[in-house]
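Grab a pencil and open the viewer. Below are some exercises, each with a worked solution.

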Amino acid sequence: MKKILIVCGSGVTSYLLAEELNHMLISDYYVYNANVSFTLKDYHYFHLVIVAPQVSFMYEKINQLCKEAHIPCIKLDFDEYESQSIREKIINELSSYEDKKLNICLVKSDHSGYLAQLYVNKMKKSLQNQRCDAEICIMKYSQFQEDCCNYDYVLFEPQLMYQYEKKDRHLLIRSSDFHSLNVDALVDEIIK
């Protein structure tokens with residue numbers, strides 16, 4: 001379910017609009033409302049942030065926070081403050097968001113154990129927290145052929161450091177990160 005936040009001055013107008021939009025949108029979406037102070041600390045829980053005309057003076061600040069979290073942010077004018085118009089904006093914005101699904105392959109050594117699966121599971125969760133939809137597969141090095149890979153990113157286990165060639169969108173996982181299941185640096189590199 002895609003979570004949408006309408007940011008308003010006091011939250012009264014946005015509450016009414018959110019209620020109306022929730023009746024109009026399909027079940028894959030849910031619209032919340034809040035006043036602007038809530039947004040400044042909790043904006044990252046949402047897939048889309050809409051800034052109401054009453055707080056348009058805060059748009060630049062809210063938009064910057066959203067960009068840092070890779071969340072789309074749109075500003076409404078008073079003449080657009082009508083539910084059908086906003087519904088179309090939401091669907092258009094989130095349909096382009098949904099097109100950004102990443103295909104990632106983690107190449108592991110042929111003798112590797114279960115650590116690769118644990119790393120992938122943690123990475124999927126971290127990418128989801130960053131609002132990035134990703135499909136991640138695991139492939140043994142003996143099955144990996146560069147010319148047949150159609151992945152956005154190819155990740156290599158640290159054990160493959162001598163087989164790894166530095167190329168665009170090919171990343172070698174640092175040994176310390178891999179063994180401690182630290183995915184943060186790699187996720188930052190992927191979504192930058």
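Before you start, here's a rule you'll need: two strands count as paired if DSSP finds at least two bridges between them. Also keep in mind that you're looking at a predicted model.

**Exercise 1. Work out the strand order of the sheet that contains E7, and find its edges.**

Solution.
- Step 1: Line up the strands. The order is E6-E5-E7-E8, an open sheet of 4 strands with parallel pairing.
- Step 2: Look for strands that pair on one side only. Those are E6 (134-140) and E8, the edge strands.
- Step 3: Check the twist. Neighbouring strands here are turned by 20° against each other on average, ignoring direction.

**Exercise 2. Which residues stand opposite each other where E7 meets its partners?**

Solution.
- Step 1: Begin with E5 (residues 102-108), which runs parallel to E7 and is joined to it by 4 bridges.
- Step 2: Find the facing residues. Ile 104 stands opposite Tyr 153 in E7, and Cys 105 stands opposite Val 154 in E7.
- Step 3: Now go to E8 (residues 170-172). It runs parallel to E7 too, with 3 bridges joining them.
- Step 4: On that side, Val 154 stands opposite His 170 in E8. So you meet Val 154 twice: across from Cys 105 and across from His 170.

**Exercise 3. Which way do the side chains of E7 (residues 153-156) point, and are they buried or exposed?**

Solution.
- Step 1: Sort them by direction. Tyr 153 and Leu 155 point one way, while Val 154 and Phe 156 point the other way.
- Step 2: Apply the cut-off, where buried means under 20% relative accessible area. All of these residues are buried.

**Exercise 4. Find the helices that lie against this sheet.**

Solution.
- Step 1: Take H5 (residues 115-129). This helix packs on the sheet and touches E5, E6 and E7, and its direction makes about 165° with that of E6.
- Step 2: Take H7, which lies across E5, E7 and E8 and runs at about 160° to E7.

**Exercise 5. What lines the second largest pocket?**

Solution.
- Step 1: Note the volume, about 150 Å³.
- Step 2: Pick out lining residues. Among them are Tyr 119, Leu 171, Leu 172, Arg 174, Ala 185 and Glu 189.
- Step 3: Ask where they come from. E8 and H7 (184-191) each supply at least two residues of the lining, and H7 gives the most, with 3 residues.
- Step 4: Sort the lining by type: 6 residues are nonpolar, 1 is polar and 3 are charged.

**Exercise 6. Describe the sheet with the order E2-E1-E3-E4 and explain why one side of each edge strand is left without a neighbour.**

Solution.
- Step 1: This is an open sheet of 4 strands, and the pairing is parallel.
- Step 2: E2 (29-35) and E4 (73-75) stand at the edges. Each has a single partner strand, so one side of each has no neighbour in the sheet.
- Step 3: Neighbouring strands are turned by 20° against each other on average, direction ignored.
- Step 4: Look inside the sheet, where 4 bridges join E1 (residues 2-8) to E3 (residues 48-51), running parallel. There, Leu 5 stands opposite Val 49 in E3.
- Step 5: Add the helices. H1 (residues 12-24) packs on the sheet, touching E1 and E2, with its direction at about 175° to that of E2. H3 (residues 59-68) packs on the sheet as well, touching E1, E3 and E4, and its direction makes about 165° with that of E4.

Terms used: Residues numbered from 1 in each chain as written. Predicted model: local features only at pLDDT ≥ 70, side-chain atom pairs only at ≥ 80, totals over all residues. Heavy atoms only, no water. Buried < 20%, exposed > 50% of the residue type's maximum accessible area, 1.4 Å probe, protein only. 1 Å grid on protein atoms, 1.4 Å probe; cavity = no way out; pocket = protein on both sides within 12 Å on 5 of 7 lines; lining within 4 Å. Points joined across faces, edges and corners; volume = space filled by probe spheres on them. Nonpolar A, V, L, I, M, F, W, Y, C, P; charged D, E, K, R; others polar. Axes fitted to C-alpha atoms, helices over the stretch in contact; angles between N-to-C directions. Contact = heavy atoms within 4.5 Å.
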